[in-house]
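Walk through this structure with me. We begin at one loop residue, move to another, and then turn to the nonpolar cores.

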Amino acid sequence: MFTGIIEELGTVTSTENRLRVKCATVLDDLREGASISVNGVCLTAVDLETDSFAADLSPETLRRSNLGDLSAGSRVNLERPVTPVTRLSGHIVQGHVDGTGELVSLDPLGDDNWWLKVRIPRELDRYLVHKGSIAIDGISLTIASLEDAVVGVTIIPHTHANTTLGSARSGARLNLEVDVIAKHIEKLMR
């Protein structure tokens, strides 16, 4: 389980056979076989080196996420899983991506704040509510607007500077994870 509070921006060094990511902070206590969130996708860290880790990408992961779009030099959001003593600063993020959305716009609001609009797949709309949570590329965000399958969120200066959103452009595919509690409630209500 993750919180959606990004710890570090890593850099993809290779996508041949496996995804390899150069990083520093998340390597502190990373162990072979441990979970790690890459752009909001829960992966298993393997082949640890002093400045990087690798991860295998299954066909399901490539189908549901934007990780297949990555190439050497791509920046990625990284987060280690929570521990029983970690503060839950964001929201419950499993790293089980529900699909991808399209970045519509990222417009300045002033004072280094930004307004992000993302077009979401219609099938995910039922899980989203105003002021509810959504993970976009693994980042815990609060839904500020939701109309006609477009989610709007405010991006604060820290998030803009310390995640991949600062360099994201219109048309980019972004990984989406909706609130798991909403999915459980839906099933229970059937």
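Ala149 counts as buried, because its relative accessibility is 5%; buried means under 20% relative accessible area, exposed over 50% and partly exposed in between, with a 1.4 Å probe and protein chains only. This is a predicted model, in which local features need pLDDT of at least 70, side-chain atom pairs count only at pLDDT 80 or more, and totals for chains, interfaces and linings use all residues. Residues are numbered from 1 along each chain as its sequence is written, and side-chain values use heavy atoms, with hydrogens and water left out.

Ala149 sits in the loop between strand 12 (145-147) and strand 13 (150-155). Strands are DSSP runs of E, at least two residues, numbered from the N terminus. The phi of Ala149 is near 60°, positive although the residue is not glycine.

Asp112 also has a positive phi, near 65°, and is likewise not glycine. Its loop joins strand 8 (99-110) and strand 9 (113-119). Asp112 counts as exposed because its relative accessibility is 58%.

Now the interior. The largest nonpolar core (buried Ala, Val, Leu, Ile, Met, Phe, Trp, Tyr and Cys residues joined through side-chain atoms within 4.5 Å) has 23 residues. Leu116, Leu128 and Leu176 are among those with the most contacts inside it. Strands 8, 9, 10 (133-136), 11 (139-142), 13 and 14 (173-178) each supply at least two residues of this core.

Leu176 touches, among others, Val97, Val118, Ile134 and Ile136, where contact means heavy atoms within 4.5 Å and residues up to four places away in sequence are not counted. Val97 belongs to a second, separate core of 19 residues, which also includes Val21, Val26 and Val38.

Definitions and conventions:
Helices (H or I, at least four residues) and strands (E, at least two) are DSSP runs, numbered from the N terminus.
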